[in-house]
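Please look through the model below slowly, first as a whole and then residue by residue. The paragraphs that follow will lead you from the overall fold to a pocket and then to a few single positions.

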Amino acid sequence: MSKGDKAKSLFMSGCNCSQAVAAAFCEETGLDEELTKRLTIGFGGGVGRMREVCGAVSGMTFVISAVYNEDKGSIYKRIQDVANEFRKQNGAIVCRELLGLSADSTCSPVPEERTQQYYKKRPCPEIVAIAADILEKYLSDNPK
């Protein structure tokens with residue numbers, strides 16, 4: 001199973017976007033899955049469901065920060081590399097833009113119920129898969 005498939009499966013089982021991407025890489029980070037989910041829950045929905053930076057990008061950021069033991073500048077460069085690839089493939093890294101929401105959309109902190117209708121109107125399952133696939137390739141091409 002690819003990391004993209006794993007992240008998508010985690011999202012479909014109830015994880016938010018950040019949790020799904022980060023938890024797909026527990027083997028690489030050396031962190032427990034439940035701890036990873038707890039540490040990344042607040043990044044979902046574009047950080048606290050405010051629709052800012054996509055949680056899938058935040059999940060990639062979390063993994064890179066956990067995997068590479070380097071100075072800030074080096075980590076920032078790695079994050080920019082994967083975020084730029086994400087932007088190239090998806091057109092944006094901002095949650096509201098990916099979802100087609102206006103800048104003045106009200107952001108309730110209450111997550112929507114995960115129904116069939118929810119999954120039909122959201123690109124999120126595919127987005128987390130793309131993010132995890134980007135990160136999987138990056139980690140393979142850039143061993144620690």
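In this predicted model, 68% of the chain's contacts with a separation of 6 or more are between residues 24 or more positions apart. It is worth keeping that figure in mind while reading on, since several of the residues discussed later touch partners from other parts of the sequence.

How many helices and strands make up the secondary structure of the chain? There are 9 helices and 0 strands, and from the N terminus on the order of the elements is therefore written as α-α-α-α-α-α-α-α-α. Along its principal axes, the C-alpha trace of the chain spans about 40 × 30 × 25 Å. A compact globule of 144 residues would have a radius of gyration near 15 Å, and because the chain has 14 Å, the two values agree. Of these 144 residues, 45% count as buried, while the accessible surface of the chain comes to about 7800 Å², with 52% of that area belonging to carbon and sulfur atoms.

We can now turn from the whole chain to the empty space it leaves. Rolling a probe the size of a water molecule over the atoms shows where such space is left. The largest pocket in this model has a volume of about 420 Å³, and its lining is made up of 23 residues, of which Asn16, Gly44, Gly45, Arg49 and Arg114 lie nearest its centre. The elements that give two or more residues to this lining are helix H2 (17–23), helix H7 (95–99) and helix H9 (124–141). Which of the elements gives the most to the lining? That is H7, with 3 residues. Sorted by chemical character, the lining of the largest pocket divides into 12 nonpolar, 6 polar and 5 charged residues.

One of the residues nearest the centre of the pocket, Arg49, deserves a longer look. Arg49 is found in the loop between helix H4 (33–40) and helix H5 (55–67). Is Arg49 buried or exposed? Its relative accessible area is 16%, and because the limit for buried is under 20%, Arg49 counts as buried. Not counting residues up to four places away in sequence, Arg49 touches Gly44, Cys107, Ser108, Pro109, Val110, Pro111, Glu112 and Arg122.

Two further residues in the loop between H4 and H5 are Val47 and Arg51, and their backbones call for attention. Phi of Val47 is near 70 degrees, a positive value in a residue other than glycine, and Arg51, although it is not a glycine, has a positive phi of about 65 degrees. Their surroundings can be read from the relative accessible areas: Val47 has 30% and so is partly exposed, whereas Arg51, at 9%, counts as buried.

Moving on to the helices on either side of that loop, we may begin with Lys37, whose place is in helix H4. Lys37 has a relative accessible area of 16% and is therefore counted as buried. Leaving aside neighbours within four places in sequence, Lys37 is in contact with Leu10, Cys15, Gln19 and Ala23. In helix H5 we find Gly59, which is buried, with a relative accessible area of 0%. With neighbours within four places in sequence again left aside, the contacts of Gly59 are Ser18, Val21 and Ala22. The C-alpha atoms of Gly59 and Asn16 are separated by 9.9 Å, although these residues are 43 residues apart along the chain.

The last stop is Tyr68, which has its place in the loop between H5 and helix H6 (72–90). Which residues is Tyr68 in contact with, leaving aside its neighbours within four places in sequence? They are Ile75, Arg78, Tyr138, Leu139, Asn142, Pro143 and Lys144. One of these partners, Pro143, lies 75 residues away from Tyr68 along the chain, yet the C-alpha atoms of the two are separated by 8.9 Å. Tyr68 has a relative accessible area of 4%, so this residue too is buried.

How values were computed
Residues numbered from 1 in each chain as written. Predicted model: local features only at pLDDT ≥ 70, side-chain atom pairs only at ≥ 80, totals over all residues. Heavy atoms only, no water. 1 Å grid on protein atoms, 1.4 Å probe; cavity = no way out; pocket = protein on both sides within 12 Å on 5 of 7 lines; lining within 4 Å. Points joined across faces, edges and corners; volume = space filled by probe spheres on them. Helix = DSSP H or I, 4+ residues; strand = E, 2+ residues; numbered from the N terminus. Nonpolar A, V, L, I, M, F, W, Y, C, P; charged D, E, K, R; others polar. Rg over C-alpha atoms; globule rule 2.2 N^0.38 Å. Buried < 20%, exposed > 50% of the residue type's maximum accessible area, 1.4 Å probe, protein only. Contact = heavy atoms within 4.5 Å. Areas by Shrake-Rupley, 256 points an atom, 1.4 Å probe, with all protein chains shown as cover.
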